[in-house]
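Thank you for sending this model; my comments follow as numbered points, to be read with the coordinates open. They concern sheets, a helix pair and enclosed or open spaces.

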Amino acid sequence: MASFQEMVDSASKTAQVAFQTVADTANDGYQTILKMARPPLNRTKTYSKKAIHFGGGNIGRGFVAEFLHNSGYEVIFVDVVDEIIQQFNRRNSYTVVEMGNDGDQVVEIDHFRAINSKTHEDDVIEEIAKANLVTCAVGPNVLRFIAPVIAKGIDKRSEDQKELHVIACENMIGATDTLKGYIIPKLTETSEAELHNKARFANSAVDRIVPQQDPGAGLDVKLEKFYEWCVDETPFKDAKGGRPPIQGVHFVDNLEPYIERKLFTVNTGHATAAYYGHNRGKRTIHDAMTDPDIRKIVHDVLYETAQLIIDKHTISKEEQYEYVDKIIVRISNPNLEDVVERVGRAPMRKLGRKERFIGPASQLAENGEKHSALLGAIEVTLRFQNVEGDEESRELAKILKEHDAAEATEKITGLEKDHPLFKEVEEIVKKVQSDKSSSS
């Protein structure tokens with residue numbers, strides 16, 4: 001299936017993250033999604049709640065849309081890929097299979113429509129002008145491309161309406177704030193001061209593992225049963241319409257502990273398994289996690305990030321270690337057959353300054369805490385080069401070839417040269433460059 005980015009005009013090379021996933025996810029509580037009685041399909045039925053979701057990929061169909069469907073929203077998918085739009089509009093329903101060690105559960109999703117924003121932008125604008133909620137799962141590098149049409153929809157809204165709820169469901173810290181930053185310059189009829197009366201923007205942390213799908217699955221999605229979707233409640237406290245009535249969402253006053261615990265445990269652990277697995281010739285994450293050496297390495301990395309979480313967010317050692325053990329079990333799930341190259345894709349983004357490796361390692365280095373296992377994970381990530389189908393792995397190889405170690409370290413990680421972690425990472429970069437040079 002074509003990716004969203006391939007269809008976006010003037011998309012940069014870094015906008016190659018597939019427009020279908022927030023694939024790395026986690027959960028600090030075992031929850032069962034509440035299912036509502038589903039009326040017979042009626043495409044002409046008028047709903048009292050309408051949600052616009054950007055992104056027809058697996059996380060949008062399988063995670064976000066299920067929540068919205070169960071909460072009584074009509075879901076309008078927005079994408080730019082004709083094939084996806086046609087599949088949505090040809091089918092009355094699709095299935096979501098929640099996989100667990102205790103068996104699978106099948107959920108039917110119906111009451112949806114789809115619009116191609118590239119060919120029918122005006123229709124999308126009209127829908128946003130009347131909607132209750134906008135969500136997205138498009139990949140961090142694509143937020144800038146969906147911002148203009150959202151801005152036009154907000155411009156058409158009246159201040160007499162209840163505010164539009166906007167929640168980005170991306171695998172990054174502060175994704176909704178980032179999206180808002182792209183929207184504001186595109187507004188033409190709404191001042192930044194007036195925006196607060198038309199829309200409320202809430203950051204969120206989404207946590208669910210969505211593995212590689214079976215060939216020919218179409219719209220149907222399989223994912224794990226465990227989930228967590230935390231949303232910052234603060235923007236809705238004085239809103240005319242209150243907070244969005246989405247069943248299963250955990251509204252919190254302080255989102256940072258949830259975001260960092262998820263990113264620095266689930267995503268760090270998942271990526272560590274992927275990069276070590278790729279480096280050692282493993283096919284899937286499960287294969288990697290059945291290797292005792294890799295499993296121990298993943299534990300070691302997560303015990304380092306656990307120390308940061310414990311110190312920074314006053315979470316007890318016992319609670320965080322229990323969370324680590326739970327995540328190890330989740331990413332080892334044999335039912336979630338996930339290829340290491342898919343989980344490892346986009347290494348440049350994952351080596352970013354606030355991302356899953358450099359983010360915790362830099363803070364631990366600042367605090368004088370142990371971070372040697374994270375440095376090992378950084379090294380195998382740097383070795384994820386020229387992987388078929390992954391543009392960022394080619395870009396990584398190019399940077400490492402064309403720049404000296406200090407320049408490459410700064411360019412790849414965003415670390416400041418005077419940061420206590422910089423020299424350590426620079427030495428690793430030198431090692432990777434030297435090994436690559438000697439093997440050429």
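In what order do the strands of the open sheet with strand 11 run, and what is the pairing?

1. Please keep in mind throughout that this is a predicted model. In answer to the question above, the sheet is an open one of three strands in the order 9-11-12, and its pairing is mixed. Its edges are formed by strand 9 and by strand 12 (250–252), each of which pairs on one side only. From one strand to the next, the twist averages 15 degrees.

2. Within that sheet, strand 9 and strand 11 (residues 228–232) run antiparallel and are joined by four bridges. For anyone checking the register by eye, a useful pair is valine 206 and its bridge partner in strand 11, tryptophan 229.

3. Another open sheet also has three strands, here in the order 4-3-10, and again the pairing is mixed. The strands that pair on one side only, and hence sit at the edges, are strand 4 (105–110) and strand 10 (221–224). The twist in this sheet averages 25 degrees from one strand to the next.

4. The parallel part of the 4-3-10 sheet deserves a look in its own right: strand 3 (residues 93–99) pairs with strand 10 in the parallel sense, over four bridges. Methionine 99 can serve as a landmark, since it stands opposite glutamate 224 in strand 10.

5. Turning to helix packing, two packed helices are described by the angle between their axes and the distance between the axes. For helix 3 (residues 121–130) and helix 4 (residues 143–155), the axes come within 8 Å and cross at roughly 50 degrees. Because angles of 35 to 65 degrees fall outside both the roughly parallel and the roughly perpendicular ranges, helix 3 is oblique to helix 4. The crossing of these two helices is right-handed.

6. On enclosed space, the count comes to four cavities of 30 Å³ or more, and the second largest cavity holds about 80 Å³. Two elements give two or more residues to the lining of this cavity, namely strand 9 (204–207) and helix 7. Helix 7 gives the most, with four residues. Among the residues of the lining are Ser204, Ala205 and Val206, as well as Ile259, Lys262, Leu263 and Asn267. Valine 206 thus appears both in this lining and in the bridge to tryptophan 229 described above. By character, the lining divides into six nonpolar, three polar and two charged residues.

7. Which helix gives the largest share of the lining of the second largest pocket? That pocket holds about 630 Å³ of space, and of the 27 residues that line it, Arg349, Gly352, Arg353, Lys354 and Glu355 are the closest to its centre. Two or more lining residues come from each of helix 7 (256–279), helix 12 (347–350), helix 13 (358–366), helix 15 (391–402) and helix 16 (405–413). The largest share, five residues, comes from helix 7, the helix that also gives the most to the lining of the second largest cavity.

8. As for the character of the pocket lining, its residues divide into eight nonpolar, nine polar and 10 charged. I would suggest that the text present this division alongside that of the second largest cavity, where six residues are nonpolar, three polar and two charged.

Terms used: Residues numbered from 1 in each chain as written. Predicted model: local features only at pLDDT ≥ 70, side-chain atom pairs only at ≥ 80, totals over all residues. Heavy atoms only, no water. 1 Å grid on protein atoms, 1.4 Å probe; cavity = no way out; pocket = protein on both sides within 12 Å on 5 of 7 lines; lining within 4 Å. Points joined across faces, edges and corners; volume = space filled by probe spheres on them. Nonpolar A, V, L, I, M, F, W, Y, C, P; charged D, E, K, R; others polar. Pairing = 2+ DSSP bridges. Axes fitted to C-alpha atoms, helices over the stretch in contact; angles between N-to-C directions. Parallel < 35°, antiparallel > 145°, perpendicular 65-115°, else oblique. Left-handed = near helix turned anticlockwise from the far one by under 90°.
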